[in-house]
Amino acid sequence: KTLPELLQSSGLDERQRANILEHCGKASSEIEGFAAWLEENILPRENGEWRFGRELYDVKYQLQMDYPLGPEELLAEAEKGLEQKGGELVSVGRRIHDEYLADEIRAGTVRKQAEIDDQQVVRNVFAKLSEDRSTPETLIADSYAMADAIIGFVREQNLMDLPPASKLRIEDIPPHLRGTTVAMIATAPPFEPHLESVWFWDLEFLASSPDFLKEYNRPTLAMVYIHEGVPGHFVQLEYSNRFERIIPKVFWNGPMVEGWASYIATQLVDVGFTIYPDHPLGHELQQMVDDKLILRAIINAIIDLRLHREGLGEEEAIALMTGKGFQEESEARGKLARAKLSSVQLATYFAGHLAIENILAEYRELRGAAFSWKEFNERLVGAGSPPFFATREYMLQGVTAK
């Protein structure tokens with residue numbers, strides 16, 4: 001459809017246009033044939049087994065992850081991280097609960113933290129936070145509105161140099177990508193780095209249940225902007241596109257890509273970022289949101305590994321996400337659908353974050369008093385997105401304290 005329309009206004013001669021149209025016809029026939037094959041061969045198996053199984057999953061894991069830890073080792077780290085990060089989230093929640101919810105406690109709609117269990121403490125805080133949220137109609141505009149505060153914070157803290165955010169467009173997701181993830185980014189292509197990157201929100205998916213937008217309150221929306229946009233994926237791939245060599249621009253390692261976006265969001269919160277700078281509990285609230293998102297990444301890895309390798313039950317996965325992960329029901333069920341439709345990719349967020357934190361610890365020890373966030377961050381994204389055996393070697397080679 002698109003090429004024939006464009007040909008009408010092109011400067012090509014009749015012979016050239018006819019040649020392209022001939023190939024369009026062949027391509028359309030191939031697509032129609034593939035669609036027919038899907039309907040004939042795949043559709044009858046729609047209720048068949050979706051789990052990869054341990055043997056096939058482990059082969060795919062090795063090829064796709066190219067990661068220092070194997071599946072069993074990563075699962076052990078994730079389960080350890082689940083308890084640690086869950087404990088941190090509860091600790092902050094108990095510390096601020098009564099002050100943050102003082103009006104509700106006085107009104108008798110909420111009990112004091114000493115009278116309720118950990119799960120309810122955290123849920124009470126997030127229930128109030130969820131009141132500050134966008135609608136499907138305002139979400140894109142609200143996402144753009146986050147930019148100035150986040151970019152200003154990165155510059156004020158001198159965390160790294162940034163490309164112009166005007167190259168990042170935010171819009172509704174196209175139909176063929178709809179239904180598996182709430183947000184994603186398509187970055188400027190390596191051979192046309194001057195083009196814009198596009199961050200997609202799946203507005204139809206989000207509008208399907210009130211639970212989704214409860215999950216994406218304003219502090220969480222800020223973290224999504226950091227993850228997908230600045231200084232997350234958008235900035236990371238803009239740095240990659242500066243390479244003169246082709247390989248670093250074209251080939252990306254999944255754990256490194258997702259790890260950077262997860263890690264840098266946590267770094268911003270650790271050095272003081274909050275969407276509520278004037279609220280006396282602003283940083284603690286932002287910390288709780290980041291802790292919850294780290295828990296989400298950890299649980300992503302656990303359910304991906306255990307659903308496909310160990311036969312974890314679907315409702316067990318939901319219970320883990322809504323229980324220890326404090327997620328809304330719709331968010332959890334959407335993630336289950338994604339886990340069933342994919343494999344390995346959901347493990348990349350935690351795997352990458354963990355590996356970067358380990359490299360950071362070694363790097364800080366080597367640099368000592370000379371350490372700076374700007375130097376570390378720009379060195380890390382300046383390496384492109386190679387597997388972590390190469391990233392670690394690149395980051396630590398020749399690094400000494402000045």
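**Rings, a pocket and a core**

Visitor: Over which ring does the charged end of Arg-242 sit?
Guide: A charge counts as over a ring if NZ of Lys or CZ of Arg is within 6 Å of the ring centre and within 35 degrees of the ring normal. The charged end of Arg-242 lies 4.3 Å from a ring centre. That ring belongs to Tyr-239.

Visitor: What kind of model is this?
Guide: Residues are numbered from 1 along each chain as its sequence is written, and side-chain values use heavy atoms, without hydrogens or water. Local features need pLDDT of at least 70 and side-chain atom pairs 80 or more, while totals for chains, interfaces and linings use all residues, since this is a predicted model.

Visitor: Which charged end sits over the ring of Phe-371?
Guide: Look above the ring of Phe-371. A charged end sits 4.3 Å from the centre of that ring. The charge comes from Arg-364.

Visitor: Is Phe-371 buried or exposed?
Guide: Buried means under 20% relative accessible area, exposed over 50%, and partly exposed in between (1.4 Å probe, protein chains only). Phe-371 has a relative accessible area of 14%. Phe-371 is therefore buried.

Visitor: How many aromatic pairs does the whole structure hold?
Guide: Rings of Phe, Tyr and Trp (its six-membered ring) pair if their centres lie within 6.5 Å. Planes under 30 degrees apart are stacked, over 60 edge-to-face, and the rest tilted. A search of the whole structure finds this number of aromatic pairs: 14.

Visitor: Why is the pair of Trp-201 and Tyr-216 given its class, and what is that class?
Guide: The centres of the two rings, Trp-201 and Tyr-216, are 5.8 Å apart. Their planes meet at 80°, so the pair is edge-to-face.

Visitor: How far apart in sequence are the parts that Trp-201 and Tyr-216 tie together?
Guide: Helices (H or I, at least four residues) and strands (E, at least two) are DSSP runs, numbered from the N terminus. Trp-201 lies in strand 3 (residues 197-201). Tyr-216 is in the loop between helix 9 (210-215) and helix 10 (218-228). The pair therefore ties together parts whose separation in sequence is 15 residues.

Visitor: Are Trp-201 and Tyr-216 buried or exposed?
Guide: Take Trp-201 first: it is buried. Tyr-216 is likewise buried.

Visitor: What is the angle between the planes of Phe-371 and Trp-373?
Guide: Phe-371 and Trp-373 form an aromatic pair. Their centres are 5.1 Å apart. The pair is edge-to-face, with the planes at 80°.

Visitor: Which residues do ring pairs link with Phe-371 and Trp-373 into a cluster?
Guide: Phe-371 and Trp-373 do not stand alone. Ring pairs link them into a cluster. Its other members are Trp-260, Tyr-263, Tyr-363 and Phe-376.

Visitor: Which residues of the largest nonpolar core have the most contacts inside it?
Guide: A nonpolar core is a set of buried Ala, Val, Leu, Ile, Met, Phe, Trp, Tyr and Cys residues joined through side-chain atoms within 4.5 Å. The largest one has 108 residues. Helix 14 (residues 282-310) gives the most to this core, with 13 residues. The most contacts inside the core belong to Trp-201 and Tyr-225.

Visitor: Which helix gives the largest share of the lining of the largest pocket?
Guide: A pocket is an open set of points on a 1 Å grid over the protein atoms alone, with protein on both sides within 12 Å along at least five of seven lines; lining residues have an atom within 4 Å of a point. The largest pocket is lined by 43 residues, with Ala-183, His-227, Glu-228, Glu-258 and Tyr-349 nearest its centre. Elements that each supply at least two lining residues include strand 2 (183-186), helix 11 (233-240), helix 16 (329-341) and helix 17 (348-367). The largest share, 7 residues, comes from helix 13.

Visitor: Which residue does a cis peptide bond join to Val-230?
Guide: Omega of this bond is about 0°. The partner of Val-230 lies in the loop between helix 10 and helix 11. That partner is Pro-231.

Visitor: What is phi of Asp-66 near?
Guide: Asp-66 lies in the loop between helix 3 (54-65) and helix 4 (71-100). It is partly exposed, with a relative accessible area of 36%. Its phi is positive, although the residue is not glycine. The value is near 45°.

Visitor: What is phi of Asn-158 near?
Guide: Asn-158 is in the loop between helix 7 (139-156) and strand 1 (168-172). It is partly exposed, at 45% relative accessible area. Asn-158 is a residue other than glycine with a positive phi, near 55°.

Visitor: What separates the C-alpha atoms of Gly-398 and Leu-366?
Guide: Gly-398 lies in the segment after helix 19 (388-396). It is exposed, with a relative accessible area of 72%. Gly-398 and Leu-366 are 32 residues apart along the chain. Their C-alpha atoms are separated by 9.7 Å.

How values were computed. On a 1 Å grid over the protein atoms alone, a cavity is a set of points where a 1.4 Å probe fits but cannot get out, and a pocket is an open set with protein on both sides within 12 Å along at least five of seven lines; lining residues have an atom within 4 Å of a point.
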